[in-house]
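Let's take a walk through a protein model together. Have the sequence and the 3D view ready, and follow along at your own pace.

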Amino acid sequence: MAATKLRNVRSRLRRRLVRWSAFAAAVALGWPGSSEGPPECAAVVLPALSPFVALGSALSTRSVGILALLALPLFLLAWSMRCGFCRFACPVGLLQDTLTSLRSVRRRHWIGAPAIGPCLLIATATGAVLGHPLFLWLDPLALFAAWLNAWRTPIAWIAVAGGLGLPALLIVELFWPGLWCARICPLGAGQRMLWQGHRLVVRLIRGRTHYAGPETSCGADSSGTVLLARRSRRHFLAAGAGVVGAAVCRGAYGPSTPLRPPGAASEEQFGGLCVRCGNCARVCPSRIIHPDVAGRWSAWMAPRLDFTHDYCREDCHRCNAVCPSGAIARLSLAEKSRRVIGLARLDPDTCLMALGRECNACVRVCPYKAIAVDNTLDPFSPRPRVDLDRCNGCGACESVCPTRPERAMRVRPVDRETGDQAETQGAFFGAFWFEG
Amino acid sequence: MKATLTRRHLLKLLTAAGLGAPFATRVVADEADASIQSAPSPENIVVPVSPRDRYPAVLSRGRVIQPGRPLAVMHETDVLVVGGGPAGFAAAVAAARAGSKTALIERYGYLGGLWTGGLVLLVYPTHATEKGVRTKVVRGVGDELLERIARYPDAATNHAAGKPDPTTDPEITKLVMDQMVREADVTMIFHCWVADVVMDGDAVRGVVIESKAGRQAILAKVVVDASGDGDVFAAGGAEHEQRLHAVGLVHRLGNADRADLDALRAAGFKNLGEIEPQPSVRWINLRGPSTDGLDIAELSRLEIEHRRSIWQRMERIRQSSGGDKVFLLQTAPQIGVRITRLLAATRQLTEAEARSGVRPADTIAVGGTYGPGADNPGFAIPYGALVPKKLDNLIAAGRCIGVDTPMVEDMRLIATCLLTGHAAGVAAALAVQEGCRPRDVDILRLRQILLHQGAFLG
């Protein structure tokens, strides 16, 4: 008896050691602060470890990249060990458990609540087949990475806002201890489904055809055929909801789409594919990537570009290397500089050069020599003319344009549906674009 | 001409000695003017033709050959400043005040260059704006000039303590420049072009000028090239490069206060120019196409083309509602060449260095913040940017100094030209006094004199 107790204590100690080590490793991988730490591209690892992210990404983009390999260890862990990830590796779970252990009351009011984690997972998967994984952003590793990335220096409120997912989970934990892990977390649900699959395979191999439901797992689960049938119906409905949700989200973007980082997936996919981990914003040296706090609901908090103070540097493609879900494509520098973020367009009514002033700020700053002065329309109102074949929407011109409050030269998103900016603009005096 | 200058100088000295220090400058100028104009001047009388050596070019086997010939030395001086624009003006006044015998030559009949003759009336940028705090960078000679212009009625807008970038009246600007040059005892020679340089090995010993009086030489110990186009250093064989930039023509709108500008803007005339001190006048910038500002065929074509398009637009404005009272007051006497030659200097100023905000030890001027709404501490101009790589006894000033492409836009502005001119003038005087080459001037001493003359060095 004493020996068993000792063994239990030992195993608990060992488990605690493993969990805190994993937590420390996750923080070390994702922490944005120090320059001596791991290189910036290591930021991709933490969210990319999640098989949930890998699944959503692969189904949406219909491709499996080298990053999918990163999800393999956790996949195998979940396959071979019951709740192996939750019990030993998850940093969010550790924070939740630690928070709960500090409290004296540990009542579980929610015990009768249905497990919506599997539904979230299934809806995400079916949505992903349609190109819009609905709940990929609920991945705990992505939430954790976003929280770490919020502490990039200099600290800005908009960056911190992007990392508020984890504190929100902790607040949920305060009021309903254990609810997130056992009922909501889609990664945990996927893990349990994997374990069930594992059991099923084992039973099939052993020749047992009667399946009596899973054994107890880390989230308090019950068994029984009735329950299984009820759950199947629920899962079926979730799958349908995923399809409908994806279709709605894909359609729910208007003509004024925000500017996304270079190589971003199409706008109807982007809001779903992006896990909001904040990696792209963290590594951007120009600090032009911000979570879109005022964005439309289906792409809320997804990164958008703001050229008010700086522009997308011609010598940088760091954001292309750190996206774990493929929302931003992995592009080489040459590929990135050819990728069109948007197109610079001039408002000749406010342009200082068109008013006869000696301003040529946009002409002199353009890294791609895409802006020239056009005297032909009216020699008294010469205008910077954008060569659409050279412009990739880097925003250098917008960042230096001196007119206020609106910049006369602004990068506008290309209509992604037609994908052909030249055609829409061709109607207006060649390369010119007139407002109103 | 020589006789007139001598008489004028003598008179001025006598008058200055007779009067006390207060009000001296204004009174001296007025007295001198009155004396010249009241001297009896018989008109239309016959004088002997001056014996002038004739060495015409000859056509020999289809080629035009200029025979070798001796040139009369018209004038000898310590510091010769070529070009009477903002940079040349500041250089001449500064060199003379630093104690050197100084002469200033100018191709037209007035000072100010493109400021007055080109009607680019906005003096910009006079301040550096960093984090919203303005620091005046145009101090010393340039600031004194602006102060004295502003003392005249309706001579400058936006000129008050802490206010940046005044617009000045071109005629009063010319007038005050004349006064300051004369008070500084600079020998002023208008109406002559630099045709060539007088060389002695790698050193410039003077320039050859061309005028109605024929070809003559002016000898000098140091030449300041403030020609804007680098005419002197190019003739002297200094390494340089050439740029194309927009070449335009400014014109002025009369009766602007009797026009309905908003109605005209609504009718499509977006560019109705900038205000002037006189409320009835506006100056309008015509940017023009990018071309070679040294090509006289091109400049001739553009003069005609620009004047034609200005007149056509003026007619359309007069036919529009709200524009029937306005008239074309003037097209600028000088075509607006923005940049042509750029010196390859011993220390080329790059944009990266300029924007770093660093003030190196060889800073001889601090340029203001360029661009509306821009916020930066301005930029330091190192002495080496004025000095040619090999050519000696020459200092460049104004827009043609050694900078990279983006910095051209800062360097060619009036305020910055006043600054580089000031520094070049003091450096030239110092080189003369120390008997050294301009490249060997003691920069500490140069900065001391500049500070003493009121310049801002950061």
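Start where the two chains meet: chain B and chain A bury about 1800 Å² between them, with 44% of it on carbon and sulfur atoms. Buried area here is the accessible area (1.4 Å probe) that two parts lose on being put together, summed over both. Keep in mind that this is a predicted model, where local features need pLDDT of at least 70, side-chain atom pairs count only at pLDDT 80 or more, and totals for chains, interfaces and linings use all residues. Residues are numbered from 1 along each chain as its sequence is written, chains are lettered from A and ligands numbered from 1 in the order in which they are written, and side-chain values use heavy atoms, leaving out hydrogens and water.

Who takes part in this meeting? Chain B brings 23 residues to the contact and chain A brings 20 residues, where contact means heavy atoms within 4.5 Å. There are 6 salt bridges across the interface, a salt bridge being a side-chain nitrogen of Lys or Arg within 4 Å of a carboxyl oxygen of Asp or Glu. For example, Asp410(B) pairs up with Arg364(A), and their closest N and O atoms are 3.1 Å apart.

Now look inside. The largest nonpolar core has 100 residues, and those with the most contacts inside it are Phe89(B), Ile105(B) and Val207(B). Such a core is a set of buried Ala, Val, Leu, Ile, Met, Phe, Trp, Tyr and Cys residues joined through side-chain atoms within 4.5 Å; buried means under 20% relative accessible area, with a 1.4 Å probe and protein chains only. Apart from it lies another core, of 76 residues, including Trp180(A) and Ile371(A). Back in chain B, Val207(B) touches Leu80(B), Val82(B) and Ile105(B), among others.

Over in chain A, find helix 8 (residues 140-149), where 9 of the 10 residues are buried. Helices are DSSP runs (H or I, at least four residues), numbered from the N terminus. One of the buried residues in this helix is Asn149(A).

Asn149(A) leads us to Arg282(A), since the two side chains make a polar contact (3.1 Å). That term means a pair of N or O atoms within 3.5 Å; within protein, one must be able to donate a hydrogen and the other to accept it, and residues adjacent in sequence count only if both atoms are side-chain atoms. Is Arg282(A) buried or exposed? Arg282(A) is buried, because its relative accessible area is 6%. Its side chain also reaches the backbone oxygen of Trp31(A) at 3.5 Å.

Terms used. Buried means under 20% relative accessible area, exposed over 50%, partly exposed in between (1.4 Å probe, protein chains only). Helices (H or I, at least four residues) and strands (E, at least two) are DSSP runs, numbered from the N terminus. Lists of a residue's contacts leave out its neighbours within four places in sequence.
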